[in-house]
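Hi,

Here is the structure I said I would pass on. Have a look at it first, and my notes on what turned up follow below.

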Amino acid sequence: MIVRIATEGQYRLAEEQLPRLHELDAEVVAAAELADAGLFERRFAGLLEFVRSGELLEDAYLGPSDAILPPPDVSLAEATTEFSTDDLIPS
Amino acid sequence: MPGLEGRFSTLVKAKVSAVLDRAEDPAETLDYSYEKQLELLQQAKSGIVDVVTSKKRLQLQEGTLREQAAKLDGQARQALAAGNEDLSRQALMRKQAIEDELGSLDQQVGDLERQQQQLTDGENKLQAKVEAFRTKKEVIKAQYSAADAQVQISEAATGVGEQMADVGLAMQRAVDKTENMKARADAVGELEQAGTFDDPTELGGSGDDLDRQLAQVTSAGVVDSELEKMKAELAAGAAPHQLPSGGEKEAGS
């Protein structure tokens, strides 16, 4: 699965990493629903860190991503409006 | 947690659709897509220039404020040496207001620097992808009959499109931040016009603005401690090796 961190780059994650990815994503969503900015920030940073553990794709790679994460400096407010979607977690 | 109202995922799917769906003349569409990519690349470059320009403007403003701060510092010392502690305190308060402003300008310049770096990275990535796309489209045009050519190129275009959208997003965020900074730069300009940062010795009373600004800024503790420091320096500097008569600043013959 290829995940893009917006404004940063694309990473390839292995199949066996996907369950953990979804888990972390759900935790971020939960923090956002609690409207807890501090918690959201920490969990989102954790999610990004996990994605970065994947293989960074070279700049000339031409394939699209399966999922796109908001930029690293996203605020809770932005995450709940501009970058929100209903149920787009590709599973 | 299904059924939760307003549920969202941070994993946002690529919204970029392939430019090349059901193209009538693939070769032409490929070239058109490539032209578009070059256009966007050009926009990205000029976006970076805008950010650099904003940064330069803030840095210029910082320079002016630093000069003013240094001048006020000198005036505070002179006033203190002349025994006018009130005037000295006033000058220090103004200096403090400027330093607060400088602190936040510093932050914004740093912020713009990061934006610039991010945009440059994005532009380089886009450049690499556009270049790869160009090569690929030529290959595909050459073997035009290949059954999966359309699919391949469509995917490549989506990939470049996604990168373009991403650079666009970075650009948008940079522009938003730059707008905020423009507003701040204007605000500083207004304060300067209102005399907030002016020479205290030349000031009658541009009253309200000044008072309001000073009230906001009066971290009296900072000013007090600076005043004390200045006094100490003055005492230490004056005592040991001044002329025996304790000569004034009039350095005449």
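Let's begin with the surface of chain B: about 14,200 Å² of it is exposed, and carbon and sulfur atoms supply 51% of that area. Keep in mind as you read that this is a predicted model.

On the inside, 40% of the 253 residues of chain B count as buried. As for its secondary structure, chain B has five helices and zero strands, so if you read along the sequence you get the pattern α-α-α-α-α. Taking the contacts in chain B with a separation of 6 or more, 84% are between residues 24 or more positions apart.

One residue you could click on is B:Gly47, which sits in helix 1 (residues 26-81) of chain B. Is B:Gly47 buried or exposed? Buried counts as under 20% relative accessible area, and B:Gly47 is therefore buried because its value is 11%. Which residues does B:Gly47 touch, leaving aside neighbours within four places in sequence? Those are B:Leu119 and B:Met171. You can also compare B:Gly47 with B:Thr120: the two are 73 residues apart in sequence, with 9.8 Å between their C-alpha atoms.

Now for the empty space. Searching the whole structure for cavities of 30 Å³ or more gives two.

The largest cavity has a volume of about 60 Å³. Chain A lines it with A:Arg4, A:Thr7, A:Glu8 and A:Gly9. From chain B, the lining includes B:Gln118, B:Asp121, B:Gly122 and B:Lys125, and also B:Gln163, B:Asp166, B:Val167 and B:Ala170. The elements that give two or more residues to this lining are helix 2 (85-142) and helix 3 (149-193) of chain B. Sorted by class, the lining of the largest cavity has two nonpolar, five polar and five charged residues.

The second largest cavity comes in at about 40 Å³. On the chain A side its lining consists of A:Gly9, A:Gln10, A:Leu56, A:Leu57, A:Glu58 and A:Asp59, while chain B adds B:Lys125, B:Lys129 and B:Gln163. Here the elements giving two or more residues are strand 2 (9-12) of chain A and helix 2 of chain B. By class, the lining of the second largest cavity divides into two nonpolar, three polar and four charged residues.

If you compare the two lists, look out for A:Gly9, B:Lys125 and B:Gln163, which line both the largest cavity and the second largest cavity.

Cheers

Conventions. Residues are numbered from 1 along each chain as its sequence is written. Chains are lettered from A and ligands numbered from 1 in the order in which they are written. This is a predicted model: local features need pLDDT of at least 70, side-chain atom pairs count only at pLDDT 80 or more; totals for chains, interfaces and linings use all residues. Side-chain values use heavy atoms; hydrogens and water are left out. On a 1 Å grid over the protein atoms alone, a cavity is a set of points where a 1.4 Å probe fits but cannot get out, and a pocket is an open set with protein on both sides within 12 Å along at least five of seven lines; lining residues have an atom within 4 Å of a point. Grid points are joined across faces, edges and corners, and a volume is the space filled by probe spheres set on the points. Helices (H or I, at least four residues) and strands (E, at least two) are DSSP runs, numbered from the N terminus. Ala, Val, Leu, Ile, Met, Phe, Trp, Tyr, Cys and Pro count as nonpolar, Asp, Glu, Lys and Arg as charged, and the others, Gly among them, as polar. Buried means under 20% relative accessible area, exposed over 50%, partly exposed in between (1.4 Å probe, protein chains only). Contact means heavy atoms within 4.5 Å. Accessible areas come from the Shrake-Rupley method with a 1.4 Å probe; for residues, only the protein chains shown count as cover.
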